Amino acid sequence: MNDTFKHQGLRKKLVKVIKNKGITDEAVLNAIGKIPRHLFMDSGFLDHAYQDKAFPIAANQTISQPYTVAFQTELLNIKQGSKILEIGTGSGYQTAVLCELGAKVYSIERQNELFKKTSKFLPKLGYRAKKLIFGDGYIGLKEEAPYDGIIVTAGAPFVPKPLLSQLKIGGRLVIPVGDDVQVMTMFTRKGHKEFEKEEFGEFRFVPLLEDKN
Ligand code: SAH
């Protein structure tokens, strides 16, 4: 696993790019500056790893755009030890960002191929999620609930109720909602049945799928 000065230089530039796009959280910027994103990508795209773009990974999925990863992470407002549930492990890049920020991470992936690949890969880089799970993100992970934050990294046609009910009071669900285009939406749990909803503009994700293939 190779992380060269060239890669480090390209990462510094990437950090500047996403800073210019409006990301201000220093801890998030540091994480992006530290994590070797090229190692999360297939060889065909290595040269592009430090462009601020999404790229294909295995199983017809994508590694999210760094700006989007930073944007969602910033909304989660992670503290050391925050308990975070991620839906859509994919390449594990977002998982690594959450680990880097000191979160206790639980992450669910519905594609077995990606689940297996990423489960082997993340520990090699020193990123140890509390649990990586092969399963359906629509139902969340009740046995470990409640969470300080839940992040959905695929486009959800609707907001799954179990995810809202697995938040702590004060906890946040950050979820892109919509079919072709998604609106980044954050729900903050104010009480047992009270949620505040905020919207943060349009993004594009691969779909959050309902049936296993
Ligand atoms: N966080 C990832 C983004 C991957 S793209 C990264 O940084 O690379 C979205 C991921 O969500 C894909 O891996 C896809 O397989 C997964 N996914 C789609 N529907 C899902 C579901 N219902 N439950 C869990 N994961 C799902």
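In the predicted model, Asn 60 is located in the loop that runs between β1 and β2. With a relative accessibility of 74%, Asn 60 is classed as exposed, because this value lies above the 50% cut-off. The backbone of Asn 60 adopts a positive phi, near 60°, in a residue other than glycine. Ala 59 is likewise placed in the loop between β1 (55–56) and β2. Although Ala 59 is not a glycine, its phi is also positive, at about 60°. Most residues other than glycine have a negative phi.

A further backbone feature occurs at Pro 146, which belongs to the loop between β5 (131–134) and β6 (147–152). The peptide bond that joins Ala 145 to Pro 146 is cis, with an omega of about 5°. Most peptide bonds, by contrast, are trans.

Gly 178 occupies the loop that connects β7 (167–177) with β8 (182–189). The relative accessible area of Gly 178 is 15%, so this residue falls under the 20% cut-off and is buried. Gly 178 and Ala 156 are 22 residues apart along the chain, yet their C-alpha atoms are separated by 5.9 Å.

The ligand was found to sit in the largest pocket of the model. Elements that contribute two or more residues to the shell around the ligand are β2 (62–63), β3 (83–87), α4 (93–100) and β4 (104–109). The surroundings of the ligand comprise 27 residues, of which Gly 88, Ser 91, Glu 109, Gly 137 and Leu 209 come nearest. When the shell is divided by residue class, eleven members are nonpolar, twelve are polar and four are charged.

Polar contacts to the ligand involve side chains that include those of Ser 91, Glu 86 and Thr 153. For Ser 91, a polar side-chain atom lies 2.6 Å from an oxygen atom of the ligand; Ser 91 is also one of the residues that come nearest to the ligand. In the case of Glu 86, an N or O atom of the side chain is 3.2 Å from a ligand nitrogen atom. The side chain of Thr 153 likewise places a polar atom 3.2 Å from a nitrogen atom of the ligand. On its own, the ligand has 580 Å² of accessible area, and the protein covers 100% of this area.

Definitions and conventions:
Residues numbered from 1 in each chain as written. Predicted model: local features only at pLDDT ≥ 70, side-chain atom pairs only at ≥ 80, totals over all residues. Heavy atoms only, no water. Near = heavy atom within 4 Å. Polar contact = N/O pair within 3.5 Å; in protein donor to acceptor, adjacent residues only side chain to side chain. Areas by Shrake-Rupley, 256 points an atom, 1.4 Å probe, with all protein chains shown as cover. 1 Å grid on protein atoms, 1.4 Å probe; cavity = no way out; pocket = protein on both sides within 12 Å on 5 of 7 lines; lining within 4 Å. Sits in = over half its atoms within 2 Å of the grid points. Helix = DSSP H or I, 4+ residues; strand = E, 2+ residues; numbered from the N terminus. Nonpolar A, V, L, I, M, F, W, Y, C, P; charged D, E, K, R; others polar. Buried < 20%, exposed > 50% of the residue type's maximum accessible area, 1.4 Å probe, protein only.
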